[in-house]
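Hi,

Here is the structure I promised to pass on. Have a look at it first, and my notes on what turned up follow below.

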Amino acid sequence: MLTLLSSVVLSIFVLWLFFGALQALIYRLLQPSLLSIDPAQASRCLLVWLALPLVAALLASYVLYSPDLAQWLVAGHCHTSQCQSHGPQSALAVLPAALLAAWTFYSVVYCLYRQWLPARRLCAQLTMMGVEQGGYITLDDDQPIAFTLGWLRPRIFISRGMQNACSATEIDCILHHEAAHRERRDNLRLLASRVLTAPLPQCWTQRALDDLKLCCEQACDSRAARLLSRESVAAALIAVTRLQQDASPVGSLAFSGNHTRQRILALLEDPQTTMANEKLFVAAAVTLLIILVIINPLHRAVELLP
């Protein structure tokens, strides 16, 4: 039983790394297409994309160790006298499986420790210190800051310094933008993406994570622009960027400071169109087909592991 369990765990982690490396290579080709569609849709696609290595690893491992499914996808072969359907197993998988499981646990816990807990505590403290004013909380601080903080129940915080330094139109742009972050749960979306990619090397995932944050910001800019105007949101971005220092708390989303130049250019260009549902369905179907096709070579490759 221990041999089977450790072999399954090792297969999941090795396949997770394999699909993560494959994803990093493919993303450079997909990046222009993803960034050319509607940012709200692109942010959803990017979150699914970042979750794909883990999902693919779990799906592939389930098929590998499910005799009823494996017999359709794995070519028949024998190991000494064992010729029945089986998942790859090795008595030497216990140690590497334990090490990879420990690394994954540490990576996820460390990510939550750095992101979830500080933001949760700070949100509670600022909520108690600030003054609720119709959908946002005013902080008694002369430094011009505005951000959305919190995971399950995000709150909008704006300092008195920001309110005194900005015009009424600029404050409206900030509030509509941050309200979009709150409604979309973008803080939680970004946290989920970090947790899903925590065990993988940062150089594999950082580009997609940065693009996900950019798409979240652009989606909120577009939401604010529909209620006001694209020109007013762009002007507010320029004004607030000059005022606001890059001092937003960990786990927060500030109005400025995140890809400001790209966001202003996107606002001044024509709105991006959404990708047709048919194309999304074809992409999902092709991805599933590729995973199923490589089950047989994956089976043989995993059997070569210790």
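Before the strands, one term: two strands count as paired if DSSP finds at least two bridges between them. With that in hand, the bridge partner of Leu149 in strand 4 is Arg155. Please keep in mind throughout that this is a predicted model.

**Around strand 4**

Strand 3 (residues 146-149) runs antiparallel to strand 4, and the two are joined over four bridges. Five residues sit between the strands in this hairpin, and Gly150 takes a positive phi there, near 120°. Strand 4 also pairs with strand 2 (residues 137-139), this time in the parallel sense and over three bridges. Here Ile137 has Phe157 as its bridge partner in strand 4. Four of the five residues of strand 4 are buried, so the strand is mostly covered.

There is a salt bridge in this area too: Asp140 and Arg160, with the closest N and O atoms 3.8 Å apart. Asp140 is in the loop between strand 2 and strand 3, while Arg160 belongs to helix 5 (residues 160-165), so the pair links distant parts of the chain, 20 residues apart. Asp140 is exposed at 69% relative accessibility, and Arg160 is partly exposed at 36%.

**The cores**

What does the largest nonpolar core look like? It has 20 residues, and Ile158, Met162 and Ile174 have the most contacts inside it. Strand 4 (155-159), helix 6, helix 8 (202-227), helix 9 (230-243) and helix 10 (260-268) each put in at least two residues. Helix 9 gives the largest share, five residues. As background, nonpolar side chains in soluble globular proteins tend to be buried together.

If you want one residue to click on, try Met162. Leaving out residues up to four places away in sequence, Met162 touches Gln143, Pro144, Ile145, Ala146, Ile171, Ile174, Val240 and Gln244. Apart from the largest core lies another one of 15 residues, with Trp49, Leu50, Cys216 and Leu253 among them.

**Helix 6 and what comes after**

Helix 6 (residues 168-184) has 17 residues and spans 24 Å from first to last C-alpha, close to the 24 Å expected. Its buried residues include Ile171, Cys173, Ile174, His177 and His181, and also the charged-group partner Arg184 discussed below.

Glu183 of this helix is exposed, with a relative accessible area of 54%. Glu183 makes a salt bridge with Arg223, and the closest N and O atoms are 2.7 Å apart. Arg223 is in helix 8, so this pair ties together parts that are 40 residues apart in sequence. Arg223 itself is partly exposed at 27%.

Right after helix 6 comes Arg185, which has a positive phi. Most residues other than glycine have a negative phi. Arg185 has a phi of about 55° although it is not a glycine. Arg185 sits in the loop between helix 6 and helix 7 (186-197), and with a relative accessible area of 36% it is partly exposed.

Next door, Asp186 and Arg189 form a salt bridge with the closest N and O atoms 3.1 Å apart. These two are three residues apart in helix 7, about one helical turn. Are they buried or exposed? Asp186 is buried at 0% relative accessibility, and Arg189 is buried too, at 14%. Arg184 joins Asp186 and Arg189 in a network of salt bridges. The count of salt bridges comes to seven.

**Aromatic pairs**

The structure holds seven aromatic pairs. One of them is Phe13 with Trp16, a stacked pair at 6.3 Å centre to centre and 20° between the planes. Both residues lie in helix 1 (residues 2-34), three residues apart, about one turn of the helix. Phe13 is buried at 13% relative accessible area, and Trp16 is buried at 6%.

Tyr27 and Trp49 make a tilted pair, with ring centres 6.2 Å apart and planes at 35°. Tyr27 is in helix 1 and Trp49 in helix 2 (residues 39-64), so this pair links distant parts of the chain, 22 residues apart. Both Tyr27 and Trp49 are buried. Finally, Trp103, Tyr106 and Tyr110 form one aromatic cluster.

Cheers

Definitions and conventions: Residues are numbered from 1 along each chain as its sequence is written. This is a predicted model: local features need pLDDT of at least 70, side-chain atom pairs count only at pLDDT 80 or more; totals for chains, interfaces and linings use all residues. Side-chain values use heavy atoms; hydrogens and water are left out. The expected span of a helix is 1.5 Å times one less than its number of residues. Buried means under 20% relative accessible area, exposed over 50%, partly exposed in between (1.4 Å probe, protein chains only). A nonpolar core is a set of buried Ala, Val, Leu, Ile, Met, Phe, Trp, Tyr and Cys residues joined through side-chain atoms within 4.5 Å. Contact means heavy atoms within 4.5 Å. Rings of Phe, Tyr and Trp (its six-membered ring) pair if their centres lie within 6.5 Å; planes under 30 degrees apart count as stacked, over 60 as edge-to-face and the rest as tilted. A salt bridge is a side-chain nitrogen of Lys or Arg within 4 Å of a carboxyl oxygen of Asp or Glu.
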